[in-house]
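Me: I have a new model open and want to learn how to read it. Can you take me through it feature by feature?

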Amino acid sequence: MHYRILDLTDEKGFLCGKMFGDLGADVIKIEQAGGDRSRLIGPFYHDIPDPEKSLYWFAYNTSKRGITLNLECHEGQDIFRKLVKTADCVIESFDPGYLDQLGLGYAALNEVNPQIIVTSITPFGQKGINKNNKACDLTIQGMSGMLSCNGQYDISCFLMAGAETRQAYLQAGAQAAVATSIALWGRHTLKQGQHIDVPIAESMFWGAWAPRPVLCYEFEKTIFKRRGELVTYGRSVDFRDSFKCKDGYVFSEVYVGGQGHYTTRLVEWMDNEGMSEDLKDMDWPGIDGREDVSREKLDHWEAVIGKFFLTHTREELTRAAVERGFFLFPVNNPHDLLQNNQLLSRNYFVNVSHPELHDSLIYPGSPYKSTVNQPQIRFRAPLIGEHNKEIYGELGITEQNLVMLKQTGVI
Amino acid sequence: MQSEQCLEGIKVVELSAYIMTPLLGKILGEYGAEVIKVESKTHPDVFRVSSPFPDGKPGVNRSGLFSHLNSYKYSISLNLTQPKAVGILNRLVHRADIFLDGFSPGIVAKWGLAYEDLSKVRPDIIMVSGSMQGQTGPLSKQRGMGSLMQAMVGFIRATGQADQAPQTSLTPYPDFISPWYALVGVLSALEHRRETGQGTYLDISQIETGPQFLSSMILDFTANGRPVSSTGNRATFASPHNAYHCKGEDRWCTIAVFNDDEWLSLCSAMEKLDLANDPRFSTFLARKQNEDQLDQLIGEWTIARSPQEIKITLQKAGVTADVMFNGDGLSQEPYFRESGFCETIDHPEMGRITSFRSSFMLSENPVKMQRSPLLGEDTEYVATEILGMTDEEFINLLNEGVFE
């Protein structure tokens, strides 16, 4: 991939540039002089809070080169415009209007380079009615439907994967990369660049599959009730839950109606071990989920199945699910993932060298396998100003001038 | 339809069901690609027969699950038990730029469409196989769904509170991660083909895309050996930082305070100035230490108020706060309507339904909402206009039951 991408984002948009960098694009992370504030996001390597040790920064800034540049002074703005001439895209996540104030908004950059694509990632978009509201990953996950997916109805609601992983921001970063890719290809058809507006709220709305609850409410006035909810597909119904087993938890989905034969397979196994109780008398595919399933029945089935799962380990249950063909997966943590046979067989995890830490760290590797152009971490995230000399040199700024720019706070 | 769109001229054939791969096709179509979904009346996309249906009345053309994942597509219905239907499928795929395969690993090979075979005929084709666990490896054929894969990938363990049983999640979350990687991959493959004439095969799976969204947590384990310590909605960087129960059944708001000034603003907005001077909460570290009491006190204030009222009061005071929406709130929230993200459109069998565009907006490529196709709605068009069959050919094949 031959693109050059200027990445001005903070944590709201890190992932976008990483996806291009891992595909081989020349992504230049531009930080404020002295380094971005988002370098102070934990967790930290060996728990040492240091701007060069943020694991969040490491995770989502791989395969980027890094420079420092003060965009709030004229000299910095001039340098930025020079960079824009050499670039295909700018990705940014400032408040709406901030870059315009600096004379670096889309209209201004388009004059410098008519082919430039500017991708703006903000909580509520450039024009949305909420655009001046204060927002963060938590509030966005709440208003976009994600919180209402996790927890127990009326008792709790939870962020997807906790506060530290920032799923709304990751969704926005990834969907911004999609939009940017469409616009990059669009230069062949439209013969011009464009401005892309990526609201994080809408990104999380899709990430939470919120069209489903919206349409459920519009069509049937039903509201999903999170935990243990029956999900109906015509006359078939499934319910899903986590179950305790001998050495941890598994997650299973039990069907009646159309896909009831999966449940029959599980119950046959339970019966072989004398633990099926009255479940063996049920005609699982024959049950009409719309009429024959009450909360009480469901609780009973779950209790019988739960008792059986307690007699087996995660591995035994998973193996049986594969061999017998019913729906069950282990509830994994990172430790389990690193030992997962499927991921091991596909050489998923990679070692990334961090020479200044005298260490190398294990990262999730390529998000997909492909015959050509497989994305991969090419090198670790940049240190503060690591590539100043290299990149400013390419622009023709002499080392002597770099020293002066550094002293005046431009870089 | 506007005159020019970004992906105009790109031909896509989609063989898939459920979410992950249909969503790929939908977004390519939304930006101008010609997307043909090959369907079957005897084995329709499971989502075509899944609720919700308008007024609760089922029908293969009435599913709300199907409608928002399949707009911008042509639908042709083929009976693939017939060799001639397989021939038509092959013709469609052979003329395509992008072939989206969302079936379980091994299925499309039956029709001669495994990449090894396909690339002999069309070395420049871009083929995407989307699956749970990838096309190779010991668990490649394990039965699964995104709703369960989120346990496998690590999301379930990381959600909720570590000292409680893992939470189930209603959303099949990894289904909404894979498509983004696949789309970026497909578009970079198009660029690569433009430069080299070479095609690409992408094997994309939820088990490999999912952990990308947990990378920092995985690094915390590989670098620091720290097991997941899920703390619900609480954060190491803000306090309070939680969802609070408000007045009414399952009504909630979210509140996040990032510094001491915001804390004072919150106290004054809650009209609890005594809290502002309370040493248990006056600094960030103090609030973290006494977070149970803190959350309880805030909860006592929120339970008497509506989430909307709280949002307005706190935003005015400069505190980050919002409403937690369920289905009813999401469908009524003006924010999602005013930007054109949600729009009500007409559908011949569903009536007036809400439709959703992608999250992003491109300044030079505005999109127009389009409804999803009826099952087999475009069979004749695809056969005669796209494949160039004569009317006679088409009718003969129709009589032979090749088109369902």
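Reply: Gladly. Keep in mind that this is a predicted model. Let us begin with the two-chain contact.

Me: How many salt bridges are there between chain A and chain B?

Reply: There are six salt bridges between chain A and chain B. One of the pairs is B:Glu262 with A:Lys134. Their closest N and O atoms are 3.0 Å apart. The cut-off is 4 Å, so this pair counts.

Me: Which helix gives the most to the side of chain A that touches chain B?

Reply: Helix 7 of chain A, residues 167–190, with 16 residues. That side of chain A divides into 84 nonpolar, 50 polar and 21 charged residues.

Me: How many residue pairs are in polar contact across the interface?

Reply: The rule finds 65 residue pairs between chain A and chain B, both partners at pLDDT 80 or more.

Me: How do I put a size on an interface?

Reply: The size is often given as the accessible area lost when the parts come together. Here chain A and chain B bury about 13600 Å² between them. Carbon and sulfur atoms give 65% of that area.

Me: Which residues of chain A lose the most area to chain B?

Reply: A:Trp185, A:Trp206 and A:Phe329. Together they make up 6% of what that side buries. As for residue counts, the contact takes 155 residues from chain A and 162 residues from chain B.

Me: Now the strands. What is the order of the open sheet of seven strands?

Reply: Read it as 3(A)-2(A)-1(A)-4(A)-5(A)-6(A)-12(B), with mixed pairing. The letter in brackets gives the chain, and the last strand in that order belongs to chain B. The edges are strand 3 (64–68) of chain A and strand 12 (361–362) of chain B, each paired on one side only.

Me: Do strand 1 and strand 4 of chain A run parallel or antiparallel?

Reply: Parallel. Three bridges join strand 1, residues 4–7, to strand 4, residues 89–92. To find the pairing on screen, start at A:Ile5, whose bridge partner in strand 4 is A:Cys89.

Me: Which strand of chain B is joined to strand 13 of chain A?

Reply: Strand 6 of chain B, residues 200–205. Strand 13 of chain A covers residues 368–370, and three bridges join the two strands, which run antiparallel. A:Tyr368 stands opposite B:Ile204.

Me: What does chain A look like as a whole?

Reply: Chain A has 16 helices and 13 strands. Its C-alpha atoms fill a box of roughly 85 × 50 × 40 Å along the principal axes. Of its 411 residues, 64% count as buried. Take contacts in chain A between residues at least 6 apart in sequence: 66% join residues at least 24 apart.

Me: How should I think about the faces of a helix?

Reply: An α-helix has 3.6 residues a turn, so residues three or four places apart point the same way. Now look at helix 1 of chain B, residues 20–30: eleven of its eleven residues are buried. Among them are B:Lys26 and B:Glu30. Just after helix 1, B:Gly32 takes a positive phi of about 110°.

Me: Is B:Pro307 buried or exposed?

Reply: Buried. Its relative accessible area is 9%, and the cut-off is under 20%, so B:Pro307 qualifies. B:Pro307 lies in helix 14 of chain B, residues 307–316.

Me: What does B:Pro307 touch, leaving out residues up to four places away in sequence?

Reply: B:Cys246, B:Arg251, B:Trp252, B:Cys253 and B:Val323. B:Cys253 is 54 residues from B:Pro307 in sequence, yet their C-alpha atoms are 5.1 Å apart in space.

Note on methods
Residues numbered from 1 in each chain as written. Chains lettered and ligands numbered in written order. Predicted model: local features only at pLDDT ≥ 70, side-chain atom pairs only at ≥ 80, totals over all residues. Heavy atoms only, no water. Contact = heavy atoms within 4.5 Å. Buried area = accessible area lost by both parts, 1.4 Å probe. Salt bridge = Lys/Arg side-chain N within 4 Å of Asp/Glu carboxyl O. Polar contact = N/O pair within 3.5 Å; in protein donor to acceptor, adjacent residues only side chain to side chain. Helix = DSSP H or I, 4+ residues; strand = E, 2+ residues; numbered from the N terminus. Nonpolar A, V, L, I, M, F, W, Y, C, P; charged D, E, K, R; others polar. Pairing = 2+ DSSP bridges. Buried < 20%, exposed > 50% of the residue type's maximum accessible area, 1.4 Å probe, protein only.
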